[in-house]
Amino acid sequence: MSGTRAAAVGGVVALAVLPLVPGLDSDFGRSLLTQMAIAAVFALSFNLLFGQTGLLSFGHAVYFGLGGYAAIHLMRAINAGLPLPIALVPVAGALGGLGAGAVFGVLTTRRAGTIFALISLSVGELVYAATFMLPGLFGGEEGITASRTRATVDFGVALDSQLHVYYVVVAWALFATLAMYGFTRTPAGRLCNAVRENPERAEFIGYSTRRVRFIAFAAAGLFAGLAGGLSAINYEIVAADAVSAQRSGTVLIMAYIGGAAYFLGPVLGAIVITWLQSGLSGYTSAWLLYLGIFFIVTILYAPAGLAGLVDRHRAIVRTRAFGGVLAAYALAAVPLAVVAWGVVLAVEMAYRVATQPELGTRMRVLWTAVDAASPWPWVFAVAAAAGGFAAFRATWPVVAAAWDRARGSARAVAR
Amino acid sequence: MHAANRTLFGLGFAIACLAGPAAADVKIAFIDPLSGGGASTGILAQKTHQFYIDAINAAGGLNGEKLVLMSYDNKVNPQESLIQLKRAIDEGARYVVQGNGSAVALAIADAVQKHNERNPGKEVVYLNYAAVDPALTNEKCTFWHFRFDADADMKMAAMTDVIAKDRKVQKVYLINQDYSFGKAVAAAAAKMLAEKRPDIKIVGDELHPLQKVNDFSPYVAKIKAAGADTVITGNWSNDMVLLIKAGKDAGLKVDWETYYGGSPGAVTAIGEAGVDTLKQVSEWHRNATPELDASVATFAKKYPGKENEYAYWRAKTMWEMFAAASKKAGSNDPVKVARAMEGMKLPTSLGEVEMRADNHQILQPLYVSTLAKGVKYDSEDSGLGWKTDAKVEAKSTALPTTCKMERPK
Amino acid sequence: MELVTVSLLNGVVYGLLLFMLSSGLTLIFSMMGVLNFAHASVFMLGAYLSFQLGRWIGFWPALVAAPLACAALGAALERYALRRVHPSGHVAEILFTFGLAYVIEEGVTMIWGRNAVANNVPAAIDFPLFSVFGTSFPAYKGLMMAISLAMFAFLYVALKRTRIGLVIQAALTHPRMVSALGHDVPGVFVLVFAVGSGLAGLAGVIGGFMLLTQPTLAASIGPIVFVVVIVGGLGSLPGALIASMLIGVLQTFAVAVDYSLADALRASGIAVTRASPLYDVLAIKLATAAPIVPYLLLFLMLIVRPRGLLGTRDA
């Protein structure tokens, strides 16, 4: 137990120190970290529904957004003189999310499975359209803005710099994470798991699956609204895209890629996807394609997500044969890198020719200078992708053998 | 040889942008849609701005420094724009250029104001080349924002002046996008028509969702049922093209009074049916002057093809004024340039333009033009082009303002 | 009278376009239970392919070639990718098609760029077919209606009257039994996915020049298609037709109605002014609310009758 506690303490210290690390100590770097923290809370709230209770929702952004709107209205009230500190604004977000979750939950938790997913999709579209029709409440296309520095009380917590915003957001994020973890340990949380596994049996034991789903829904709404409130503080604007289908889709991808079966899986997914969205988009205009491919590959070959991948190694990490597994990975990584190089080269060249022809056909891709107008780079790219893939497949038996040895070794140790 | 030089220059630019420009460059962030529904206008604008910046650099830059344009895709989304703005500022941008979408413009103006208040010494100036919601130079004005396009009210004033003289116009239908700009157009049209031609009946005032309608046939049916002879619309990009397309398909016979009838694709969509009926109000069109401007001809050589047809004359005015202001200030510091730019008068090939000091709105000549056959320069290879109906001189475009901006000390 | 007739005509046209698009999805969803998020993306691909092939080989050959290419793509997707995902459950299948939608959208951008391509109506069908109250009805809309109804007839006959159709219907409810009887159920699935994708591609050929052919085409029309399939009812082709006509006509007529709840209240004597509570909501004109009519219908249907109008089974 103390190992986990030490890890937790280490994690908190790392979070405190992270924005001061060179490379991340710029405004943008800290902004990115803040975004990741907000996304993590949002993804964890989604997983209360998906991973914990087995409810796939395509409209979870509704609760994030409605919480965000509630928060930004409170911020405006504070700007106008209401004596509350801005740092408490996420409470309004949480309450907004809870309210919306309760209201919509009554109607939508009657069913599970695909019907629930479709209802959530339709609710999402309805709310999105409604934000444009009620400009008084939602600000229409341009959204609602507020200031995070104009307040009459602040208890010493000023939010003028991105660094301060980061600390406030991370504090709230840690609190939310602990609260959600606590929820999963309560009987209600356990019941959610039961309903996910076998709803019929849960009913037979005497619990109303409907009520359990409703509780999960309301809780997920609460924490999503909290994340929305944090977003309102960070960006000082909430607009219709906060409830959009795109945002709902993104949080789903985060939770799934991170690993929905693990409590902290969505956090991992949130970090990776946020980096891909904000960081990668600076290097290549094809980032959305890479994200889509990454997502598909995860579904096909790693359905338990990144956390699942990490977990699979847990059993063999301490064995002596683990070094062999790492060596096998290194061997397989070489042809994989060749495949990646070939694919990226082809994709980047195609994007340049199709979307930015005026920049010319000469370009640099991954430290290689090529001219997209000549056929040779294309030939190389295809050859690298195909040949690399063949070589990659050839290394699979090697990796499998290394795993077998490691697993055997692990079993021997366990005895 | 020149082409190779240019590609090398472009390549060098691209590498330089990737590696991070040298410390002595003036970094300008271009934040507009480069993907999605507004991409066609955003990408064309980007090329136009880059073109004029290249010209400035080729002439030696400004105050010994080169200008660097860094592009960020905001997908016409206010929150995404703020994320990109933060990133741009972090990467050293001191000027922000944007124009597609008044919602985004309002968000950026607000964010720039906040940033400048919180970060004295690191101010950023916002150059708005196309977002025409009047609020930005009235109740929501800020010292850090400069607008280089006539606002929605100014354009409507020019348009209604021409309509007022046309006795054939009796029934007008208003159709606009349901957001701040579209509503501003509708309100201005109703107000100014009532003032100038009280006999004109407004038979419809429609607001449709922005960039969401795929098929405008139901709206066209309504326009027909109302018996309108003229339609006034501020629609842009897809909304303009699809509306025109639906109108043509249904054989709708009205005069189209538009802000963005020159949107890429609109002339092609309406074709011959638009002759003498499609009208626009703009700061320029290809036949505004007897000969095509030299920079427009050079642009066409560099970017051939219909989708690259030059459309942003106001970008030319913007960069000329920017260069003049930076010269006058003797520095590229945003605060000094901003102070030099307000109140500045600049001669251009279409007439003198002035950047108002009271609300940072540019006064430039406006043209009301109609699609016609047999003009010297056609649009989109269609054989049809714009012909001036009326030119409004810069000074006459000025409207009263409610702006009370705070100036830095 | 004029407005009603023209609106009815417009509504029917729009409804048939929706049916063209959703017929393939009905097939796939009803037969395999896969909520195919990439269906609208295949539609978009059909539009692009018809544009490109049309340039090379002419419109009429492209009308045949583009759907065939989409069908081949659908078959390949099912055989090599989706089949691996079936054992992981419906959620994984949905997510796979979700990711696929992203990839197809970006792939299309990678090849044809971000701007809308000049996918103009071919001259052969760009003339007014007839005129109603002064509003002309272009020929390509007539072609679309004909293709849409032909799709319905083809699918109906294929499912109800042919042997393979019977096998498919049986595999819907009793896949194991059908397999035990010796039918190649996985092969049937490949066929269904291929045909569904081919239909989407065919819809794309026509839809491509009715709407704008650009990378956001799939995202703009995708959600409505789900509405049609669910409202119509799972497993029901006539249901999908009825649902698409209903949505097409309702949405078109909604645009024509400039009344709001506030107007209705005023007509019955209740005073409603700017200061009244909920004025913002009451003052919304039905015309402005038109885009949400399909989602409202979907929401109500799912709450009241999740089976849909003519559905034969629950999801």
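# Exercises on bridges, contacts and confidence

A:R314 and A:D311 both belong to helix 14 (residues 305–314) of chain A, where they stand 3 residues apart, about one turn of the helix; helices here (H or I, at least four residues) and strands (E, at least two) are DSSP runs numbered from the N terminus. The structure is a predicted model, in which local features need pLDDT of at least 70 and side-chain atom pairs count only at pLDDT 80 or more, while totals for chains, interfaces and linings use all residues. Residues are numbered from 1 along each chain as its sequence is written, chains are lettered from A and ligands numbered from 1 in the order in which they are written, and side-chain values use heavy atoms, with hydrogens and water left out.

## Exercise 1: a salt bridge within one helix

Work out how the side chains of A:R314 and A:D311 meet, and whether each residue is buried, partly exposed or exposed.

Step one applies the criterion for a salt bridge, namely a side-chain nitrogen of Lys or Arg within 4 Å of a carboxyl oxygen of Asp or Glu. The side chains of A:R314 and A:D311 satisfy it with an N to O distance of 3.0 Å.

Step two classifies accessibility, where buried means under 20% relative accessible area, exposed over 50%, and partly exposed in between (1.4 Å probe, protein chains only). A:R314, at 64%, counts as exposed, whereas A:D311, at 26%, counts as partly exposed.

## Exercise 2: salt bridges in chain B

How many salt bridges does a search of the whole structure find over all chains, and where do B:D293 and B:K316 lie?

The search gives 29 salt bridges over all chains. One of them is formed by the side chains of B:D293 and B:K316, at 3.8 Å from N to O. B:D293 sits in the loop between strand 10 (278–282) and helix 10 (294–302) of chain B and B:K316 in helix 11 (residues 313–329) of chain B, so the bridge ties together parts that are 23 residues apart in sequence. Both B:D293 and B:K316 are buried.

A further salt bridge joins the side chains of B:K391 and B:E393 at 3.7 Å, N to O. B:K391 is partly exposed at 36% relative accessible area, and B:E393 is partly exposed at 43%. Elsewhere, B:D149, B:K155, B:E283 and B:R314 are joined into one network by salt bridges that share partners.

## Exercise 3: the disulfide

Locate the cysteines of the disulfide in chain B and determine its handedness.

The rule for a disulfide is a pair of cysteine sulfur atoms within 2.5 Å, and by this rule the count over all chains is 1. B:C141 and B:C403 are the partners, with an S to S distance of 2.0 Å. The torsion about their S-S bond is about 85°, so the disulfide is right-handed. It links distant parts of the chain, 262 residues apart: B:C141 is in the loop between strand 4 (125–128) and strand 5 (145–147) of chain B, and B:C403 in the segment after strand 15 (384–392). B:C141 is buried at 14% relative accessible area, as B:C403 is at 12%.

## Exercise 4: contacts between chains A and C

Which residues does A:S122 contact once its neighbours within four places in sequence are left aside, and which does A:Y301 touch?

Contact means heavy atoms within 4.5 Å. A:S122, which is found in helix 5 (residues 113–133) of chain A and is buried at 0% relative accessibility, is in contact with C:Y295, C:L298, C:F299 and C:L302. A:Y301, in helix 13 (residues 287–301) of chain A, counts as partly exposed at 49%, and touches A:R312 and C:R84, not counting residues up to four places away in sequence.

## Exercise 5: confidence in chain B

State the average pLDDT of chain B and find where pLDDT stays under 50.

pLDDT is the predictor's confidence in each residue, from 0 to 100. Chain B averages 87, and 94% of the residues score at least 70. Over residues 1–22 of chain B pLDDT stays under 50, and for this stretch the model has 16 contacts beyond four places in sequence.
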